[in-house]
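Ready for some practice in reading a protein structure? Take a look at the sequence and the model below, then work through the exercises one at a time.

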Amino acid sequence: MELNICKTHFIDSNVVIGFVIGWDNLKCKSAKYFDLQDFVRYSSERVYYECETVLNNNKRWILQFINKIHKDCEKKSSTNFTSDLSKILDNTVSNICEQYKYECKKVESSLIGFSEKYQKELVEIMQGNLKYNIFRARIVKAFNEATDNLEIVFDNLLEKKVCPSNLGSTLFSEYQNLQKTGLHGTDIKILLDSHYVSFRERTSKIGFITFDNGIIKVKSKIEEIISVRVLKPD
Amino acid sequence: MTNALKFVDELVLTIFEEAEFQSTMEVTLFPKRYIHKILFKLTNENKDDSILFDSVPFYWYNHGPFSETVAKSLDKLLELNILHIHETDDDSKFYTLKKKVKNLNQIEDYKDYISSLIKKFGVLESDKLVMDVYYKDKPYDFIPAYKKEFLEPIEKKLKVINNEEDFYDIISLSNLIDNCYNCEEKLPFEPIYKGFNEQFSIFSSILDKLYEEIDFNRFIITFNAIDEFWYTFAQALRITQHHDFYSNKLDRWTSFYYRKLKESKGTIKNLKEVERTTRHSKLKFTTSSSEILLSTVGKYISD
C-alpha cells in the first residue's frame, strides 16, 4: 500500500472534514484510513482552524439562507413557492459570494445541495406549515455534532502541532515555488506546515494525506519543493 | 476656539430650547444620546439637504449613530457656559441649558422639523427614540438583533442577579442561544465583515455547547465575550457606515478593527478552555444530522 511509504503522516483538512461529517465516499476511505495502525499522525492548528471555519461557514450560510426564506414569506403570499425559493437561493449565493468570490462555486454547491435535499421543508416554511425555528434547530444540532466530532478527532486521533504563523516568509523560496504550481493561499500554508512538522520530527519525508484533487494534480512538483510525499487514502 | 456659534451649535441649542418649551418640568435633563439621535433623525430624514447632511456628519458605532461634530459642539457650549453638565451616582451624564441664546438665525428652516421630532420623541422618552433609530434606521438587521435583543437584555438581567439561584431563575439559556442564532443569520455580507462573521459562527457554536450547562461564574466569562464581540463589530461598522467627512480616519479605523478581530480569536481560544470541561469523548453521527451535513459540507468539499 502506497501509504506505507511513510510511517509519519500529516493530515489535510478535507480528510478530517470528510471523516467528521461521515461523507459517503470519503467516509469509508477516511474511516478506513483512520483505522490503520502503525502510523504517527500529525496535523496543525491551521488545519484545525480550517476545518472549524469550513463547518461553521457552511452553518452560517444555511442560516442566512433560511432566514431570507423566513423573511420573504412574512412579507408576501406566494403563488409559486418553488420559483420563489430558487430566486432566494440565487440572491443568497450572490450575497455570500461578496465575501467568498474565490470560493463561489463551493458556496453554490453547498446551498444548492441543501436546497435540493430540503426543498419540501423549505416550501413548508414558506407556506407557514413548518416552524422556521424548529427547522433551524435541526440544522444547528447537525453542525454542533460535526464540531464535537472535530474536537474528538483532534483530541484522540491526531497530534495538533503549533506551526509558526509566518512560515510563508521563513520558507520564502518554498512558498514562492508552491505558488508557481497554481495552488492557493491556505493549501500552500498547510503544505508548509507539513514541511515544518517533517523537519521538527526529523523525518526524511512526511506523508501528506489528502483528497484534494488540486494538490494531487501537482503532486510531483510539490514533492520536489518540500519534504513531503503526497498520498491519497485508498 | 471661536465664540461665534456655528450652524451645528445652533441646531444643538434648538433641541434644548424646543424640548424645554414643550416640557412641563422645571429642569429638563438631556442625555447625550438624545441630542445625537435627534440630530441623526433630522439629517437622516433630510438626506437631500446637503448643507444639513454635510454639516452634521455621522457614523454608526458602539452606541448607534454618533457625530464627532455634535460632540465637539456640546463641549464648546459647555465651555461657553451655555450648557451645564450633571453627573449622577451611576456616572451617567446629563446636560441642562444654563442660559438662552437669542437670535439663532442660521437654523430657521429646521426649527419646525426639530420641534416635530421632539413632539414625537420627548426628552423623557429617549429610550423610545433610541429604539426607533435602531429598528427603523439601522443599516443592518444584525444591529438591533445583537444590541437590543441579545446583549442589552443580558446586561439588564445581570444587574439584578445577586446569586447562583437568581441566575437560574432569571436567565433562560435556551432563549439566549436562540437569540444568538437570530443574530448570526443576520450578519452583513460586505467583504470587510468576512473575518468577523467567521469568528462569530465559531463563537455561537461554542456558546451553544457551553449553555447546555453552565454556572454563574462561567456565564459571566461568556457575557464579557458577548460584549467584546459587539465592540469588535462596532469597529467594522463605522468603516462601512460613515459620512465622507470621516474618510481620513478610515486607515486608522481599519487597523484598529483588525487588531480587535485578532483579540477576538484569543477570546474564542479562552472560551474553548472553559468549554473543555463539558466535552464528549465519542464520535457521534445521527442520521438526520449526517443528511444535513452531507448535503452541505459534503458538496462543499467535493467541489
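**Exercise 1. A pair of strands in chain B**

In which sense do strand 4 (residues 83–87) of chain B and strand 5 of chain B pair, and over how many bridges?

*Solution.* Keep in mind from the start that this is a predicted model.

Step 1. Follow the two strands: strand 4 of chain B and strand 5 of chain B pair in the antiparallel sense, over 5 bridges.

Step 2. Pick out one bridge. His84(B) has Thr96(B) in strand 5 of chain B as its bridge partner.

Step 3. Look at the connection. Strand 4 and strand 5 of chain B form a hairpin with 5 residues between them. In the turn, Asp91(B) has a positive phi of about 70°.

Step 4. Now find another partner of strand 5. Strand 1 (residues 30–31) of chain B pairs with strand 5 (residues 93–97) of chain B in the antiparallel sense, over 2 bridges. Here Pro31(B) is matched with Phe94(B) in strand 5 of chain B.

**Exercise 2. The sheet of chain A**

Work out the strand order of the open sheet in chain A, and explain why strand 3 and strand 5 of chain A each have one side without a neighbour in the sheet.

*Solution.* Step 1. Write down the order: the open sheet has 5 strands, arranged 3-2-1-4-5 with parallel pairing.

Step 2. Read off the ends. Strand 3 (159–161) and strand 5 (228–231) of chain A stand at the edges and have a single partner strand each, so one side of each is left without a neighbour in the sheet.

Step 3. Add the twist, which averages 35° from one strand to the next.

Step 4. Zoom in on one pairing. Strand 2 (residues 40–44) of chain A runs parallel to strand 3 of chain A, and 3 bridges join them. Opposite Lys160(A) in strand 3 of chain A stands Ser43(A).

**Exercise 3. Buried or exposed?**

Is Ile66(A) buried or exposed?

*Solution.* Step 1. Locate the residue: helix 3 (residues 45–75) of chain A contains Ile66(A).

Step 2. Count its surroundings. There are 24 other C-beta atoms within 10 Å of Ile66(A).

Step 3. Apply the cut-off: a residue is buried if 20 or more other C-beta atoms lie within 10 Å of its own. Ile66(A) is therefore buried.

Step 4. Ask who surrounds it. Leaving aside neighbours within four places in sequence, Ile66(A) is in contact with Ile125(A), Tyr132(A), Phe135(A) and Arg136(A). Leu122(A) is 56 residues away along the chain, yet its C-alpha atom is separated from that of Ile66(A) by 7.6 Å.

**Exercise 4. Domains in each chain**

Describe how the domains of chain A and of chain B touch.

*Solution.* Step 1. Start with chain A, which is divided into domain 1 (2–52 + 157–231) and domain 2 (55–153). Their C-alpha centres lie 31 Å apart.

Step 2. Find the contact: 8 residues of domain 1 of chain A meet 7 residues of domain 2 of chain A. On the domain 1 side, helix 1 (13–21) of chain A gives the most, with 4 residues. By class, that side has 7 nonpolar, no polar and 1 charged residues.

Step 3. Turn to chain B, with its domain 1 (7–136) and domain 2 (142–279). Here the C-alpha centres lie 30 Å apart, and the contact takes 10 residues from domain 1 and 13 residues from domain 2.

Step 4. Sort the domain 1 side of chain B: 8 residues are nonpolar, 1 is polar and 1 is charged.

**Exercise 5. Where the chains meet**

How are helix 7 of chain A and helix 10 of chain B oriented to each other?

*Solution.* Step 1. Begin with the whole interface: 40 residues of chain B are in contact with 47 residues of chain A. Helix 13 of chain B supplies the largest share of the chain B side, 14 residues.

Step 2. Compare the two axes. Those of helix 7 (residues 132–156) of chain A and helix 10 of chain B come within 11 Å and cross at roughly 90°. The two helices are therefore roughly perpendicular to each other.

Step 3. Name the residues. Helix 7 of chain A contributes Val140(A), Phe143(A), Asn144(A) and Thr147(A), while helix 10 of chain B contributes Ser205(B), Asp208(B) and Lys209(B).

Step 4. Finish with the classes: this helix contact has 2 nonpolar, 3 polar and 2 charged residues.

Terms used. Residues are numbered from 1 along each chain as its sequence is written. Chains are lettered from A and ligands numbered from 1 in the order in which they are written. This is a predicted model: local features need pLDDT of at least 70, side-chain atom pairs count only at pLDDT 80 or more; totals for chains, interfaces and linings use all residues. Two strands pair if DSSP finds at least two bridges between them. Axes are lines fitted to C-alpha atoms, for helices over the stretch in contact, and angles run from 0 to 180 degrees between N-to-C directions. Two residues are in contact if their C-beta atoms, placed from the backbone, lie within 7 Å. Domain bounds come from an automatic or database domain assignment. Ala, Val, Leu, Ile, Met, Phe, Trp, Tyr, Cys and Pro count as nonpolar, Asp, Glu, Lys and Arg as charged, and the others, Gly among them, as polar. A residue is buried if 20 or more other C-beta atoms lie within 10 Å of its own, exposed if 12 or fewer, and partly exposed in between; C-beta atoms are placed from the backbone. Angles under 35 degrees count as roughly parallel, over 145 as roughly antiparallel, 65 to 115 as roughly perpendicular and the rest as oblique.
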